[in-house]
Structure formats: C-alpha cells, structure tokens
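User: I am new to reading protein models, and I would like to know how the words used to describe one are justified. Could you take me through the reasoning?

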Amino acid sequence: MVTPVVDFALTVPEVEAERLVLIGMSLGGYFAPRAAAFEHRLAACVAYDGVYDFHAVVAATAGRAASTPGGMEALMAQNTMVRWVVRNGRWTFGVSDIDELVKATEAYTMAGIAGHITCPTLVLEAENDQFFKGQPQRLFDELTCQKELISFREDEGAGEHCQEGALSLFHQRTFDWLDTVLAG
C-alpha cells in the first residue's frame with residue numbers, strides 16, 4: 001500500500017521527492033521496513049520500534065498459554081498484555097482463536113527481506129518493550145543499508161513500548177537523525 005501513497009505524494013507540488021520518509025510505529029515497525037524493502041523511492045525509513053518477526057511473538061504467546069494451567073483463557077485472565085495482544089490480533093486478522101492467529105502471522109517476518117532495504121534506516125528500541133523485546137536488534141543486524149539503532153532507556157522515561165511517556169525525546173532523536181540523513 002505504500003507505493004500508491006508515494007505515487008500520489010510525488011504529484012503534490014510541495015513534496016520534495018528526495019526527502020520522502022516512511023515512519024512505522026508499533027507493528028508499523030514491521031510494516032514500514034517491509035515496505036521500504038520494495039519501495040526504493042524513499043529517502044529514509046524509521047522503525048519505531050523495530051520488529052523483525054511478529055509471528056515469533058504470537059507463537060511464543062501461544063506457547064506460554066499451552067504451558068499455563070487453564071490455557072489461553074487463564075493466561076489472558078492473568079495478563080492484560082496477553083489479553084490485549086490476543087483480542088486485538090484476532091480482531092485485526094479476522095480469526096477466531098490463537099491457533100488461527102499463529103497461522104495468520106507466519107509471513108510476518110523480515111527474514112530474507114531486510115537485506116533489500118536500500119534507504120537509510122533508523123531502528124528504535126525501548127529497554128522495557130513488553131511486546132517486541134529483542135526484535136529491534138534482530139532487525140538492525142539484518143539490515144545491509146546505512147543504519148542506526150537508538151535505544152531508549154527507562155531512566156530517561158523512554159523505556160516503554162514506542163517510548164510512551166517520552167515522546168519529546170523520541171521526536172528529538174528521530175528528527176536529529178533525519179536532519180543528518182536528509183542533509184545530503
């Protein structure tokens with residue numbers, strides 16, 4: 001879906017074609033880099049926070065449920081994050097249970113794709129990310145383009161998923177990076 005947006009943006013007189021940047025937030029930290037792997041008119045990409053393998057996250061949640069007495073329903077009753085991930089995932093993917101959700105997310109990996117990104121890419125990570133711990137580093141490691149990884153820490157107030165609680169710091173670091181990358 002990014003290519004038609006870029007096509008349109010390039011028809012807008014105020015848009016500088018050489019400065020188009022794609023930023024993806026949360027699961028968008030998977031979708032933006034994936035799009036950048038195939039849309040080479042982007043000047044830069046920001047994965048906020050980076051996601052390498054969404055399927056692994058969903059499958060791990062299903063695995064936790066399988067080893068929990070009472071299964072998924074018990075795990076969802078005990079853990080609000082799991083409850084949100086499963087309910088939102090079922091709704092988003094239009095599936096009825098965790099097994100279907102695991103199957104529906106199989107293709108959601110950057111394996112074999114990250115290396116196709118050619119634009120400079122900024123990967124952000126949060127120290128305490130409750131959804132995608134370790135995923136930004138995996139994405140960063142697979143990139144072959146100009147890249148940077150910025151870690152946000154709890155002691156900065158920015159350690160939570162997508163730097164919730166410290167958006168000004170996120171903006172400052174991201175736009176500082178963009179200023180450097182887009183300077184020419």
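Analyst: The turns below go through the sheet, a helix, some single residues and the pockets.

The model is predicted, so local features are described where pLDDT is at least 70 and side-chain atom pairs count only at pLDDT 80 or more, while totals for chains, interfaces and linings use all residues. Residues are numbered from 1 along each chain as its sequence is written, and side-chain values use heavy atoms, with hydrogens and water left out.

User: What makes strand 2 and strand 3 a pair, and in which sense do they run?

Analyst: Two strands pair if DSSP finds at least two bridges between them, and the strands themselves are DSSP runs (E, at least two residues), just as helices are runs of H or I with at least four residues, all numbered from the N terminus. Strand 2 (residues 44–48) and strand 3 (residues 121–126) have four bridges, in the parallel sense, so the requirement of at least two is met. Along this pairing C45 stands opposite T121, and A47 stands opposite V123. Strand 3 is also joined to strand 4 by six bridges, again parallel, with A126 opposite F152.

User: Why are strand 1 and strand 4 called edge strands?

Analyst: The sheet is open and has four strands in the order 1-2-3-4, with parallel pairing. Strand 1 (21–25) and strand 4 (147–152) each pair on one side only, and they are the edge strands for that reason. Neighbouring strands are turned by 15° against each other on average, direction ignored; the angle is taken between axes, which are lines fitted to C-alpha atoms (for helices over the stretch in contact), and angles run from 0 to 180 degrees between N-to-C directions.

User: How do you know that strand 3 is covered on both faces?

Analyst: In a regular strand the side chains alternate between the two faces of the sheet. In strand 3, T121, V123 and E125 lie on one side and L122, L124 and A126 on the other, and all of these are buried. Buried means under 20% relative accessible area, exposed means over 50%, and partly exposed lies in between (1.4 Å probe, protein chains only).

User: What is helix 2 in contact with?

Analyst: Helix 2 (residues 28–38) packs on the sheet, where it touches strand 1 and strand 2, and its direction makes about 150° with that of strand 1. Contact here means heavy atoms within 4.5 Å. Eight of the 11 residues of helix 2 are buried, among them Y30, A32 and P33, and the buried residues pack against helix 1 (2–9), strand 1, strand 2 and helix 7 (135–142).

User: Why is A74 counted as buried?

Analyst: A74, which is found in helix 4 (residues 71–78), has a relative accessibility of 18% and therefore counts as buried. Leaving aside neighbours within four places in sequence, A74 is in contact with T68 and P69.

User: What makes S26 stand out, and is it buried or partly exposed?

Analyst: S26 has a positive phi of about 60° although it is not a glycine. Most residues other than glycine have a negative phi, and most peptide bonds are trans. S26 lies in the loop between strand 1 and helix 2, and because its relative accessibility is 24%, S26 counts as partly exposed. C162, in the loop between strand 4 and helix 8 (167–181), also has a positive phi, about 55°, but at 1% relative accessibility C162 counts as buried. The peptide bond from Y48 to D49 is cis, with omega near -5°.

User: How much space lies in the largest pocket, and which residues are closest to its centre?

Analyst: A pocket is found on a 1 Å grid over the protein atoms alone, as an open set of points with protein on both sides within 12 Å along at least five of seven lines, and lining residues have an atom within 4 Å of a point. The largest pocket holds about 280 Å³ of space. Of its 13 lining residues, M1, V2, F31, A32 and A35 are the closest to the centre, and helix 2 gives the most to the lining, with six residues.

How values were computed: On a 1 Å grid over the protein atoms alone, a cavity is a set of points where a 1.4 Å probe fits but cannot get out, and a pocket is an open set with protein on both sides within 12 Å along at least five of seven lines; lining residues have an atom within 4 Å of a point. Grid points are joined across faces, edges and corners, and a volume is the space filled by probe spheres set on the points.
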